[in-house]
Amino acid sequence: MRYPKRIGLAAAAMLVATTMAACGQDDGAASAPKAPATIPELTKDPLTLSFVWFDWPPAHALEAFANAEYTKERSNVTIKVNTVPNANWHDAIFTQFAAHKTDFDIPILDSQHIGEAVTNGNILDITDFVKKNIDVKAYNPYLLAAYGQFPQAETGKRDENASLYGLPLLGDTWTMIYRKDLIGDKPPQTWDEMISVAEKCQADHPGVSGLAFHQANGSDAAAVTYNTVNGIYGGNLWDSKTRKVQGVLNDAAGQEAMDVLVNKMKPLTAKGSGNWFIDEVNAAVAQGKACIAFNWIAASGGLLDPKQSTLGTTREQILDKLGFAPLPSQKTNLVPLGGMGMHVSAYSSTTKQAEALNFMKWFEQADIQKKWAAAGGVPSRTDALESPEFLNAQPFNKVYTDSVPRMRDMWNVPEYARLVDIENTNVNAALNGAKKPKDALDDIAKEQQGVLDSSSRKGGGGL
Amino acid sequence: MSDPVPLTTDHPGQVASATPPAPGRSRHLSDRRLTVAFISPALLLLLAMSVFPLLWALYLSFTDYSATRGGPAHFIWFENYTAILTSAQVHLRTLTTLIYVIGAVTLQTVLGFTIAYLISRRTHGRGLLTTLFLVPMMLSPVVVGLFWRFMLDAQFGVINSMLSSLGLGQVEWLTRQRTALISLIVVDTWQWTPFIMLIALAGLTAVPKYLYEAASIDRASEWFRFRTITLPLVWPLLLIAVLFRAIEAFRLFDLVYILTSGGPGVSTETLSFHVYKVAFLGFNTGTASAYGILMVLIVIVLTQLYMRYLNKLKED
C-alpha cells in the first residue's frame, strides 16, 4: 500500500502547487500603468509588432499599409494584424487581459471597451506621451476623446484634464446608401421622409425591399440601430452624471424611436432579415435587393467592386446607381460614432511597448494620415479628413467628414459588454416579434439600470 | 544466465505478479513500480487538466471573483448558487434547454433506430450505407452550423428556394421564436442521428440469429419478433446511446452560437450559452463557476438515476 499513498501525496502536492500558482495572480485592485512621456530607445533587433482586431477589410488594409510605410522608417519591424471573428472580438482581447499575458502589443478596442480596459489596468495611460508627442489641436476634440478618454466625454466635448488611454486608428460612422436609379439623385433629408421614400420604392419595385439595416443580436448590431434612431428622435441612452437609465432611455422620445424602428422601419425590410449585420446588408445592396440601406462607412468599400455586385460591370456603372449620404435628421442630427482606437497592452514587453508608442506617434503624423486615407483607411486628423487624398479616395468619404460634428457614442463604462448585450437581445426580440416594442424598451431600461446599480460585487453578478 | 520468460501461459492473469523481472531490468524496478511509472504521466495530466480546474471552479463558485477585475476573491458562500437557482433568466434558459434536449434526443432516437433497423435487414451494401450515414457526425459542429445557416437563410437559402418551387411561402427559419428552436433541433438531429444509428446497429447485429429462426419456426409475426426479441435485446444499448446524446445536447453551445446567437432575443439561449455570456461578457467568474458546477451536478444526478434504471433493467 506504499505506492498509492505516495501517489496520493504527490497528487495533493501538485494540487497545492497549482492552487498557489493560480492564487498568485491575485495582485490587488488594478489601475492603468503609465506610459513614459518620451519614447524609450528602440531596439535594432528584428521585432514583430502585433495588433489584434476583428476580421474585416480595414484590418487587412492596415497590415499592408503599415508594412509598406512604417518599415521605411523602421526596417527591423514587421507589423502583424491578427484578426478574430467580430463576435469574438471583445472576448479574444479580454480573456488575454484576464490572463495578464497578451500575444498582441496593440489591441484595437471599440471606443466603448476603454472603460473596462482602463479600470482593470489592461492598457497604458498615455496622457503624458500624448502631451509630448501628439498635436492634439489637429483633431476634432470629440474624436480624440472618443477613442482615448476615460471617463467618457460628453458629446462634442473633450475634457482637457482627463486621462487618455488611446489614439484614433480608424474613424467611422453610418452612411445612408440609396439607389439613385430607384428613388432619384437627391437623398431624403429627414428620417420621416426617408421612411416614406423607402415605402414608395418598395411598393413600386416588387422584389426590392424598402430598407436594409443591422438587426442581429450579435456584437452591437441591433443596439447601434436602436441608438441611432433614438438619437435622431431626440432620445438619450442614459444620464451619465446620475447613472440613470430607467426613465431616461424609455421616456417619450425613446418610445417614439422604438415605435418608428419596429412599426415603421421593420415592415420595409426583407423577410428573415432579423439576423442581418454588416455583410448581409452589403449583400442586399450589392444584389440590388434594397432601396435604402445603412451601414458602416469602413465596411462599404466592397459595394463598389463589380465582382461582388450585380448593379454594374464597372465601378462607374455601380456609382450611377448607388448614392452615399449622411444620415437624415429629424428632431436632432445625431449619427452613431463607430471606429476604433489603438492602445498599448500593459502586458507587452517594454521593448514592444516602446515600439508601439513609436508606431502611434508615426501614425498620427499629418502626411501618414493622408497616406492612410489614400490606402483605404478613415483618418481622424482634421487636415487629413479635409484633404483631397481622403475625399477623393472613396465616394462615401465626404459623408464621414460631414458627419464628424454630429457624432454620439454609447457608454464606455466598464459594464459596457453587459449593457450592449441587454440592448441587443431586447431590440432584436422586438424586431423579430418576440417582444412588444414597449416591453422591450422597458426591459432594457430596467436590466441596464440593474447592471449599473450592482457594480459593486455580490453574489449572482452577471445573471 | 536465467531461463527465458515464457511468452504465453495458461493463466495470463496471474503472470504479472509471479514473473520475475526480465533480464537486464534493474532489481529495484518491480512490476508495481513500472506500473506506477507508466500511469503517472496520465494521472498527473488528468489532475492538472481536469481535477484541478474542477476543484478550482468549485472554490471560485463560493466567491465573488472576477477574472478581469482582479483583486482577492471574497467568500460569499452560497450567494451565487441562491441567485442562480432563483433567477428568472436561468429558469427561462432551463426550459429552452429542456425543450431542446427532449426534442432533439427523441427525434434522433426514433430516426437513428429506424435507420439502423432498416440497414440491419439488408445483406448487400450495409457497410457502404453505414459509412455514408456516418458522414455528418464526422463534421465539426461549427462547419455544420455555418452551412445550415446559409441553407436556412430566409432570402438566399436553398431550403426556402425549394419551398418556393413547390409553391409554398418563405419561412423565417432562424429569426422567429418557434422556428429558430425547431431549426436547432433539426440541425442537431441531422448531425447526431448517425450516432444513435451506429450504437443501435451494433445492438441489432448482436442479437443471436437462432432466436429469429426459432420465432420463424413458431410462425411469429414480424411485429411480434420485433417486440419480443429485437427491442428488449437492443433496448439497454439504445438507452446508453440516449444517455450520451442527452448529456451532449444538455451542454449545447456551438450550434446556438453559429446559427442563432441565442436569438431572436434570448429565445434559443441554452444554459451553456448563458454561462458563456455570464463568464465572458461581464467576466463574473464566481457566478459562472457556480453555474457550471450546478450544470455538472444536474448531469451527475440524472446520470446516476438513469444508470440505476439501466442496472435494474439488466438484472430483470
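This is a tutorial dialogue on reading features of a predicted model.

Colleague: Let's start with the overall layout. Into which domains is chain A divided?

Modeller: Bear in mind that we are reading a predicted model. Chain A is split into domain 1 (47–172 + 338–408) and domain 2 (174–336 + 412–453). Taken over C-alpha atoms, the centres of domain 1 of chain A and domain 2 of chain A are separated by 26 Å.

Colleague: How many residues of domain 1 of chain A are in contact with domain 2 of chain A?

Modeller: On the domain 1 side there are 30 residues, in contact with 25 residues of domain 2 of chain A. Elements that each supply at least two residues to the domain 1 side include helix 2, helix 4 (114–119) and strand 6 (167–172) of chain A. By class, that side has 13 nonpolar, 12 polar and five charged residues.

Colleague: Now the interior. Which residues touch the most other members of the largest nonpolar core?

Modeller: The general idea is that in soluble globular proteins, nonpolar side chains tend to be buried together. Here the largest nonpolar core has 161 residues, and those touching the most other members are A:Ile108, A:Ala198, A:Ala212, A:Val285, A:Ile292 and A:Ala293. Helix 18 (residues 416–431) of chain A gives the most to this core, nine residues. Domain 1 and domain 2 of chain A each contribute at least three residues to this core. To see one member in place, look at A:Ile292: leaving out residues up to four places away in sequence, A:Ile292 touches A:Met176, A:Tyr178, A:Met194, A:Ala198, A:Gly210 and A:Leu211. There is also a second, separate core of 22 residues, with B:Ala180, B:Leu181, B:Val187 and B:Leu252 among them.

Colleague: And the strands? Which strands of chain A are joined to strand 1 by bridges?

Modeller: A general point helps when looking at side chains: in a regular strand they alternate between the two faces of the sheet. In this model, strand 1 (residues 47–54) of chain A runs parallel to strand 2 (residues 77–84) of chain A, with eight bridges joining them. Within that pairing, A:Val52 has A:Asn82 as its bridge partner. Strand 1 of chain A also runs parallel to strand 3 (residues 106–110) of chain A, joined by two bridges, and A:Phe51 stands opposite A:Ile106 there. Follow the chain through helix 2 (residues 57–73) and you will find that strand 1, helix 2 and strand 2 of chain A make a right-handed β-α-β unit.

Colleague: Two residues caught my eye for their positive phi. Are A:Ser219 and B:Arg219 buried or exposed?

Modeller: Counting C-beta neighbours settles that. A:Ser219 is buried because 23 other C-beta atoms lie within 10 Å, whereas B:Arg219, with 7 C-beta neighbours inside 10 Å, counts as exposed. A:Ser219 has a phi of about 50 degrees and is found in the loop between strand 8 (209–212) and helix 9 of chain A. For B:Arg219, phi is about 60 degrees, and its loop runs between helix 9 (209–217) and helix 10 (222–250) of chain B.

Colleague: Where are cis peptide bonds found?

Modeller: Omega is the angle to check. Omega is about 0 degrees for the cis bond joining A:Phe150 and A:Pro151, and A:Pro151 sits in the loop between strand 4 (149–150) and strand 5 (163–164) of chain A. In chain B, a cis bond joins B:Gly263 and B:Pro264.

Colleague: Finally, how many residues does each chain bring to the contact between chain A and chain B?

Modeller: Chain A brings 45 residues and chain B brings 52 residues. The largest share of the chain A side, eight residues, comes from helix 1 of chain A.

Notes. Residues numbered from 1 in each chain as written. Chains lettered and ligands numbered in written order. Predicted model: local features only at pLDDT ≥ 70, side-chain atom pairs only at ≥ 80, totals over all residues. Core = buried A, V, L, I, M, F, W, Y, C linked by C-beta atoms within 7 Å. Buried ≥ 20, exposed ≤ 12 C-beta atoms within 10 Å, placed from the backbone. Helix = DSSP H or I, 4+ residues; strand = E, 2+ residues; numbered from the N terminus. Domains from an automatic or database assignment. Contact = placed C-beta atoms within 7 Å. Pairing = 2+ DSSP bridges. Right-handed = clockwise from strand over helix to strand, strands pointing away. Nonpolar A, V, L, I, M, F, W, Y, C, P; charged D, E, K, R; others polar.
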